[in-house]
Amino acid sequence: MILKEFWILQFDFQYLEPMRMKKITPIKVIEINKNRFDIFMLFTRHPFINFLAKELHYYTNDSNTLLGVVILDYTDQDYNYILMARDENRQFRAFEIKTDYTTEEKCITALTNSMKWHSSQYLTIVEQGGPPKGLKLFEVNQPPEKLHPYFNNLKNNKGSKASKQAIIEISNHLDDIDGNFVEQFQSINGFDARLWELYLFASFIELEFEMLREFNRPDFLIKKDDLTIAVEAVILGRKNDPPKLVHIQPPSTTLQEIEEKLENETPLRYGSALYSKLKKEYWKLDHVKNKPLVFAIADFHSDASMIWSFVALTEYLYGHKQIIEKDENGKNIVKSVKANNYTKPSGEIIPTGFFDQPETENVSAILFSATGTLAKFTRMGMQAGFAEEGQIVMRIGDCVHKDPKSLEPMSFKYQVSEETKENWREGLNLFHNPKAKHPIDMEYFPNIGHHKFIDGELVSYTPDFHPYASMNYNTITK
């Protein structure tokens with residue numbers, strides 16, 4: 001017995017002695033903000049969780065392979081934690097849930113201890129046995145001459161690190177129902193359209209819609225409560241003028257040139273894009289019948305055109321333009337007046353007022369944003385902590401004036417950081433069709449801009465902060 005114990009002690013001594021020579025690095029668990037947690041979990045957690053529990057604290061380990069959240073259960077009034085790791089599809093999924101902690105502190109301690117333990121075991125992936133999902137958008141599958149220059153910039157430029165990482169996290173949750181999403185996202189002819197769809201996907205999830213992806217047309221079926229809405233995405237694309245520069249300077253178009261385009265050319269562009277979708281007659285599809293149908297449109301027809309073309313869309317949809325004139329007291333007021341029809345280069349006359357045209361009663365609304373661009377993904381990625389070292393991004397734009405009596409927009413400027421609180425839906429506008437067969441209640445799209453044409457006047461309902469358009473000034477300091 002003595003000899004046996006001696007050898008055990010000797011073995012232990014020989015085993016432990018070399019360990020004293022190594023520097024042991026403690027495993028860290030870091031509390032993170034909601035911005036960072038949401039970039040990973042917004043597309044995984046079910047919206048119904050908001051009715052059951054409140055999220056209190058968010059954590060990750062120092063290798064960012066684990067995520068943890070402490071929640072308060074509304075029903076039992078106790079504290080629980082959920083521990084998550086990536087699955088085989090690169091999505092963060094729950095693999096450990098513990099409940100019934102009487103205090104917040106006990107729950108936090110238990111979670112952080114569990115995270116340290118699993119980190120010490122080098123846990124990085126927990127297979128869940130789910131079907132293959134997600135898209136690898138940055139695995140190039142076509143020749144260099146077909147790649148969009150913005151895609152190349154997004155893939156390779158340090159200043160695009162934040163936007164690239166945000167897009168990767170979203171794409172981990174996408175299904176390619178068309179079979180060509182990756183190819184088009186990389187290509188000259190498809191990048192803008194697919195980027196717009198990525199933005200819409202993120203916004204619908206944030207708006208707490210359930211995504212129904214069984215059909216490849218229209219682009220989205222989204223569901224909330226008992227209402228299912230069909231959404232078809234469309235853009236004003238470039239014709240024969242693919243972008244040559246990836247570092248866009250402030251728009252060189254003069255105010256006079258913009259005003260000339262708004263008179264005829266830009267409304268015609270919106271009209272052509274929307275009419276092409278109207279001819280598809282999506283409302284006749286079995287899975288769309290008797291449901292609201294929305295066309296979601298964005299303007300990518302030239303560099304920075306989305307900043308100023310908003311006015312043309314409003315005019316074309318309702319057939320009225322907003323002008324400023326003085327009332328009997330000499331005070332400036334906004335008045336709606338009938339817009340003129342438009343003339344194509346061929347001489348063909350195109351009537352104004354999309355919602356006045358035949359068959360448009362089947363379209364419940366038009367969804368639009370001037371901010372669903374790469375700049376949005378950059379800001380959302382930086383909020384989540386994906387910025388390149390030394391990166392500084394200033395956002396400058398115009399928003400709805402805080403004074404409801406003001407007839408002019410208000411300018412804003414701020415530096416993007418992990419503390420800013422922009423969300424995906426910010427800048428979205430829903431233009432309601434006054435003649436729609438299936439109108440949409442504004443409550444289904446909270447905290448976005450809603451616009452209605454009532455008694456000959458355009459009436460708008462907007463959140464406290466509602467940007468019309470903005471630009472990023474993106475720099476990296478050395």
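The paragraphs below lead through a predicted model, from its largest pocket to one helix and then to its salt bridges. Residues are numbered from 1 along each chain as its sequence is written, and side-chain values use heavy atoms, with hydrogens and water left out. Because the model is predicted, local features need pLDDT of at least 70 and side-chain atom pairs count only at pLDDT 80 or more, whereas totals for chains, interfaces and linings use all residues.

The largest pocket has a volume of about 1800 Å³, a pocket being an open set of points on a 1 Å grid over the protein atoms alone, where a 1.4 Å probe fits, with protein on both sides within 12 Å along at least five of seven lines. The volume is the space filled by probe spheres set on the points, which are joined across faces, edges and corners. Its lining, meaning residues with an atom within 4 Å of a point, comprises 48 residues, and Phe 310, Val 311, Leu 407, Pro 409 and Tyr 468 lie nearest the centre. Among the elements that give two or more residues to this lining are helix 9 (255–278), helix 10 (310–318) and strand 20 (467–476), where helices (H or I, at least four residues) and strands (E, at least two) are DSSP runs numbered from the N terminus.

Strand 20 also takes part in the surroundings of helix 11, whose buried residues pack against it and against elements including helix 2 (34–41) and helix 8 (191–206), with contact meaning heavy atoms within 4.5 Å. Helix 11 (residues 374–383) is mostly covered, since nine of its 10 residues are buried, that is, under 20% relative accessible area, with exposed meaning over 50% and partly exposed in between (1.4 Å probe, protein chains only). Lys 376 and Arg 379 are among these buried residues, and they are linked with Arg 395, Glu 422 and Glu 426 in a network of salt bridges. Just after the helix, Gly 385 takes a positive phi of about 90 degrees.

In the whole structure there are 21 salt bridges, each a side-chain nitrogen of Lys or Arg within 4 Å of a carboxyl oxygen of Asp or Glu. One of them joins Lys 133 and Asp 175 at 3.0 Å, N to O; Lys 133 lies in the loop between helix 4 (104–120) and helix 5 (149–156) and Asp 175 in the loop between helix 6 and helix 7 (181–186), so the pair ties together parts that are 42 residues apart in sequence. Asp 286 forms another salt bridge with Lys 289, their closest N and O atoms being 3.5 Å apart; here Asp 286 counts as exposed at 63% relative accessibility, whereas Lys 289, at 39%, counts as partly exposed.
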